[in-house]
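Got the viewer open and a hand on the selection box? Let's walk through this one stop at a time.

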Amino acid sequence: MYENCPHCQQNQYMIKASFNRCRTQRYLCQACLGYFTPKPKPHSYDDAVKTKALQLYLEGHSFRGIGRLLGVHNQSVINWDKCGSH
């Protein structure tokens with residue numbers, strides 16, 4: 001029925017326990033009272049998107065324009081530029 005609990009490895013006493021920030025279902029293991037998400041979504045953008053955003057910025061595009069082109073929030077592009085990470 002459910003995946004095994006990552007804490008105690010049993011799979012019989014699971015109940016649904018709301019959603020996390022990424023809107024994926026969380027479960028509560030009633031045996032060990034641990035919460036887990038069976039198939040979590042990634043929390044960040046793909047590295048290819050970050051690299052493309054930084055390339056566009058170096059070519060002179062605005063942060064808002066890059067956000068519209070790539071479908072990301074312009075503040076994310078600003079943060080990537082400040083950190084220099086890609």
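**Stop 1: a loop residue with an unusual phi**

Start by selecting leucine 33, which sits in the loop between S2 and S3. Its phi is near 60°, a positive value in a residue other than glycine. Most residues other than glycine have a negative phi. Now switch on a surface: leucine 33 counts as exposed, at 61% relative accessibility.

Before going further, bear in mind that this is a predicted model. Colour by pLDDT if you like: the protein averages 85, and 91% of the residues score at least 70. Among the elements, H2 has the highest mean pLDDT, at 95, while helix H3 (residues 74–83) has the lowest, at 85.

**Stop 2: the sheet**

Zoom out a little and show the strands. In what order do the 3 strands of the open sheet run? The order is S1-S2-S3, with antiparallel pairing. Strands S1 (14–19) and S3 (35–36) stand at the edges with a single partner strand each, so one side of each has no neighbour in the sheet.

Next, pick out strand S2, residues 25–29, together with S3: these two pair in the antiparallel sense over 2 bridges. For a landmark, select leucine 28 and look across to tyrosine 35 in S3, which stands opposite.

**Stop 3: glutamine 25 and serine 18**

Stay in strand S2 and select glutamine 25. A polar atom of its side chain lies 2.9 Å from the backbone oxygen of serine 18. Expand the selection by contacts, skipping residues up to four places away in sequence, and glutamine 25 touches Lys16, Ala17, Ser18, Phe19, Phe36, Thr37 and Pro38.

Hop over to serine 18, which is found in strand S1. Here is another non-glycine residue with a positive phi, this time near 70°. Is serine 18 buried, exposed or partly exposed? With a relative accessible area of 44%, serine 18 is partly exposed.

**Stop 4: the largest nonpolar core**

Now select Ala53, Leu54, Leu56, Ile66, Val72, Val77 and Trp80 and show them as spheres: these 7 residues make up the largest nonpolar core. Helix H1 (47–58) and H3 each supply at least two of its residues, and the largest share, 3 residues, comes from H1. Apart from this core lies another, of 5 residues, among them Met14, Tyr27, Cys29 and Phe36.

**Stop 5: isoleucine 66 in helix H2**

Centre on isoleucine 66, whose place is in helix H2. At 0% relative accessibility, this residue counts as buried. Gly65 and Gly67 are buried too, in the same helix (residues 63–70). Which residues does isoleucine 66 contact, once neighbours within four places in sequence are set aside? They are Ala53, Leu56, Tyr57, His61 and Val77.

Try a distance label back to the sheet stop: isoleucine 66 and tyrosine 35 are 31 residues apart in sequence, and their C-alpha atoms are 37 Å apart in space.

**Stop 6: leaving H2**

Step along to glycine 71, just after H2, which takes a positive phi of about 75°. Then select valine 72, in the loop between H2 and H3. Valine 72 is buried, with a relative accessible area of 9%. Its contacts, not counting residues up to four places away in sequence, are Tyr45, Val49, Gly67, Val77 and Trp80. For one more distance label, join the C-alpha atoms of valine 72 and lysine 50: these residues are 22 apart along the chain, and the atoms are separated by 9.7 Å.

**Last stop: an aromatic pair**

A search of the whole structure finds 3 aromatic pairs. To see one of them, select tyrosine 45 and tryptophan 80: the ring centres are 5.5 Å apart and the planes are at 85°, so the pair is edge-to-face. Tyrosine 45 lies in the loop between S3 and H1 and tryptophan 80 in helix H3, so the pair ties together parts that are 35 residues apart in sequence.

Put the surface back on for a final look. How do the two partners fare for accessibility? Tyrosine 45 is partly exposed, with a relative accessible area of 34%, whereas tryptophan 80 is buried, at 8%.

Technical notes. Residues numbered from 1 in each chain as written. Predicted model: local features only at pLDDT ≥ 70, side-chain atom pairs only at ≥ 80, totals over all residues. Heavy atoms only, no water. Buried < 20%, exposed > 50% of the residue type's maximum accessible area, 1.4 Å probe, protein only. Helix = DSSP H or I, 4+ residues; strand = E, 2+ residues; numbered from the N terminus. Pairing = 2+ DSSP bridges. pLDDT = per-residue confidence, 0-100. Core = buried A, V, L, I, M, F, W, Y, C linked by side-chain atoms within 4.5 Å. Phe/Tyr/Trp six-rings, centres within 6.5 Å; stacked < 30°, edge-to-face > 60°. Polar contact = N/O pair within 3.5 Å; in protein donor to acceptor, adjacent residues only side chain to side chain. Contact = heavy atoms within 4.5 Å.
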